[in-house]
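Here is a friendly tour of a protein model, told through questions and answers. Have the viewer open and follow along.

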Amino acid sequence: MKNILFAFFALIQITVYSQNKTGKDHFNIVVREETGDLNNDGRKDKLILAMDTVDTTVPFRLQIFLSQPDGKLKLHTSSTDIIEAQYPVELKGKHAENQTPTFSIENGNLYILSDIKDGHAEYTFRYKNGNFDLINVSKGTWDGKNLTTETEINVLTGLRTATVKRLGSEDIVKETKNRIKRESQPTLQDFKKFEKEFE
């Protein structure tokens, strides 16, 4: 009897280990879901942002499914590196204190609205040659006193325009334009890496 119980518990341990080893999917909470035409083929595509509640870092997985001619959805992008985890490893158990980004799909573009220090930023991506390229960044920040700054970056041309206004007014206090040089085109897969660049 003892041998049977031992064999039974050993089998359970092996099964649990095998499931963990194969990376069983723990992204069990859907945080955001959006549909829209991302590749301008006239069919609805889907974006799903899910949260893993088992992993102690509480990571997010962003998946994008593109619709096929037969009407089925095919996975195009799946990454846990695009959106920062709730408790990133580098913070050693502390919360990242970032709000979960909002997504929308309009006019063939993917928009990510994200919180940044003292404001917010909207990142616009467009599907081209199999990638989601960053084409525009639009930011709004407040200096904590009486000035706001609206920054528009056309990533394709490199033109950066920053407009400073008085809080609650459309009167322009200062406007500056300059060019940003980049060696490569940022893509959605690089989002976490370049996001801080445009703050």
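Buried means under 20% relative accessible area, exposed over 50%, and partly exposed in between, with a 1.4 Å probe and protein chains only. This is a predicted model in which local features need pLDDT of at least 70 and side-chain atom pairs count only at pLDDT 80 or more, while totals for chains, interfaces and linings use all residues. Residues are numbered from 1 along each chain as its sequence is written, and side-chain values use heavy atoms, with hydrogens and water left out.

Q: What is the relative accessible area of Asn 129, and is the residue buried or exposed?
A: Start with its place: Asn 129 sits in the loop between strand E7 (119–128) and strand E8 (131–142). Strands (E, at least two residues) and helices (H or I, at least four) are DSSP runs, numbered from the N terminus. Asn 129 has a relative accessible area of 72%, so the residue is exposed.

Q: What separates the C-alpha atoms of Asn 129 and Asn 39?
A: Along the chain, Asn 129 and Asn 39 are 90 residues apart. In space, their C-alpha atoms are separated by 9.9 Å.

Q: Which strands stand at the edges of the open sheet E1-E2-E3-E4?
A: Four strands make up this open sheet in the order E1-E2-E3-E4, with antiparallel pairing; two strands pair if DSSP finds at least two bridges between them. Each edge strand has a single partner, so one side of it is left without a neighbour in the sheet. The edge strands are E1 (27–36) and E4 (73–79).

Q: Which residue of E4 stands opposite Gln 63?
A: Strand E3 (residues 60–67) pairs with E4 in the antiparallel sense over six bridges. Opposite Gln 63 in E4 stands Ser 78.

Q: Which side chains of strand E5 (residues 102–106) are buried?
A: The side chains alternate along E5. Thr 102, Ser 104 and Glu 106 point to one face and are not buried. Pointing to the other face, and buried, are Phe 103 and Ile 105.

Q: Which residue in the turn between E5 and E6 has a positive phi?
A: E5 and strand E6 (residues 109–116) run antiparallel, joined by five bridges. They form a hairpin with two residues between them. The residue with a positive phi, of about 50°, is Asn 107.

Q: Of the eight residues of strand E11 (residues 172–179), how many are buried?
A: E11 pairs with strand E10 (residues 159–166) in the antiparallel sense over seven bridges. E11 nevertheless lies largely in the open, because the number of its residues that are buried is zero.
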